[in-house]
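The following exercises are to be worked with the sequence and the structure at hand. Each task is followed by a solution in steps.

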Amino acid sequence: MEKKKCPQCKNFILKTSPTCLYCGRPNKFITKEYVNKKWNKDNNQSVFDHILINKYLVFILFLIFTIVIIIFS
């Protein structure tokens with residue numbers, strides 16, 4: 001069976017074990033795919049919300065600007 005070093009206590013543990021036998025640290029494998037999946041989901045949502053808010057803000061400012069021009073003309 002393959003072993004790896006525990007990042008916390010530096011002892012060798014099996015890759016399939018749920019926790020380190022020496023210090024009790026969870027043995028979760030956080031892969032690049034997992035991180036990208038988690039962060040891209042959050043970032044895409046916040047970027048979309050940010051763009052949507054900016055479009056409405058620009059539209060409202062443009063509308064107010066045109067109304068002010070019409071009133072004072």
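**Exercise 1.** Determine whether isoleucine 60 is buried, partly exposed or exposed, and state which nonpolar surface patch includes Ile60.

*Solution.* Step 1: In this predicted model, isoleucine 60 is found in helix 1. Step 2: The relative accessibility of isoleucine 60 is 44%. Partly exposed covers the range between the limit for buried, under 20%, and the limit for exposed, over 50%, so isoleucine 60 counts as partly exposed. Step 3: Ile60 belongs to a nonpolar surface patch of about 960 Å². The other residues that make this patch are Tyr56, Phe59, Leu63, Ile64, Ile67, Val68, Ile71 and Phe72.

**Exercise 2.** Describe the order of the elements in the chain and the share of its residues that is buried.

*Solution.* Step 1: The chain contains two strands and one helix. Step 2: Read from the N terminus, the order is β-β-α. Strand 1 spans 3–5 and strand 2 spans 12–14, while helix 1 spans 32–71. Step 3: The chain has 73 residues, and 8% of them are buried. Step 4: The accessible surface of the chain is about 6,900 Å², and carbon and sulfur atoms account for 66% of that surface. Step 5: Consider the contacts between residues at least 6 apart in sequence; 2% of these join residues at least 24 apart.

**Exercise 3.** Find what is noteworthy about the phi angle of lysine 10, and decide whether this residue is buried or exposed.

*Solution.* Step 1: Most residues other than glycine have a negative phi. Step 2: Lysine 10 is not a glycine, yet its phi is positive, at about 65 degrees. Step 3: Lysine 10 lies in the loop between strand 1 and strand 2. Step 4: Its relative accessibility is 51%, so lysine 10 counts as exposed.

**Exercise 4.** Explain why cysteine 9 and cysteine 20 form no disulfide.

*Solution.* Step 1: A disulfide is a covalent bond between the sulfur atoms of two cysteines. Step 2: The cut-off for such a pair is a sulfur separation within 2.5 Å. Step 3: The closest cysteine sulfur to that of cysteine 9 is in cysteine 20, at 3.6 Å, and this is too far for a bond. Cysteine 20 is accordingly in no disulfide. Step 4: A search of the whole structure likewise finds zero disulfides. Step 5: As for accessibility, cysteine 9 is partly exposed at 26%, whereas cysteine 20 is buried at 3%.

**Exercise 5.** Identify which backbone oxygens lie by the polar side-chain atoms of serine 17, and place proline 26 in the chain.

*Solution.* Step 1: Serine 17 is located in the loop between strand 2 and helix 1. With a relative accessibility of 13%, serine 17 counts as buried. Step 2: A polar atom of the serine 17 side chain lies 2.9 Å from the backbone oxygen of leucine 14. The backbone oxygen of threonine 19 is 3.4 Å from a polar atom of that side chain. Step 3: Proline 26 is also found in the loop between strand 2 and helix 1. The relative accessible area of proline 26 is 46%, so the residue is partly exposed. Step 4: Leaving aside residues up to four places away in sequence, proline 26 touches Pro18 and Thr19. Step 5: Proline 26 and cysteine 6 are 20 residues apart along the chain, and their C-alpha atoms are separated by 9.4 Å.

Conventions. Residues are numbered from 1 along each chain as its sequence is written. This is a predicted model: local features need pLDDT of at least 70, side-chain atom pairs count only at pLDDT 80 or more; totals for chains, interfaces and linings use all residues. Side-chain values use heavy atoms; hydrogens and water are left out. Helices (H or I, at least four residues) and strands (E, at least two) are DSSP runs, numbered from the N terminus. Buried means under 20% relative accessible area, exposed over 50%, partly exposed in between (1.4 Å probe, protein chains only). Contact means heavy atoms within 4.5 Å. Accessible areas come from the Shrake-Rupley method with a 1.4 Å probe; for residues, only the protein chains shown count as cover. A polar contact is a pair of N or O atoms within 3.5 Å; within protein, one must be able to donate a hydrogen and the other to accept it, and residues adjacent in sequence count only if both atoms are side-chain atoms. Patches are made of residues with over 30% relative accessible area and no salt bridge: like charges are joined within 9 Å, nonpolar side chains (Val, Leu, Ile, Met, Phe, Trp, Tyr) within 5 Å. A salt bridge is a side-chain nitrogen of Lys or Arg within 4 Å of a carboxyl oxygen of Asp or Glu.
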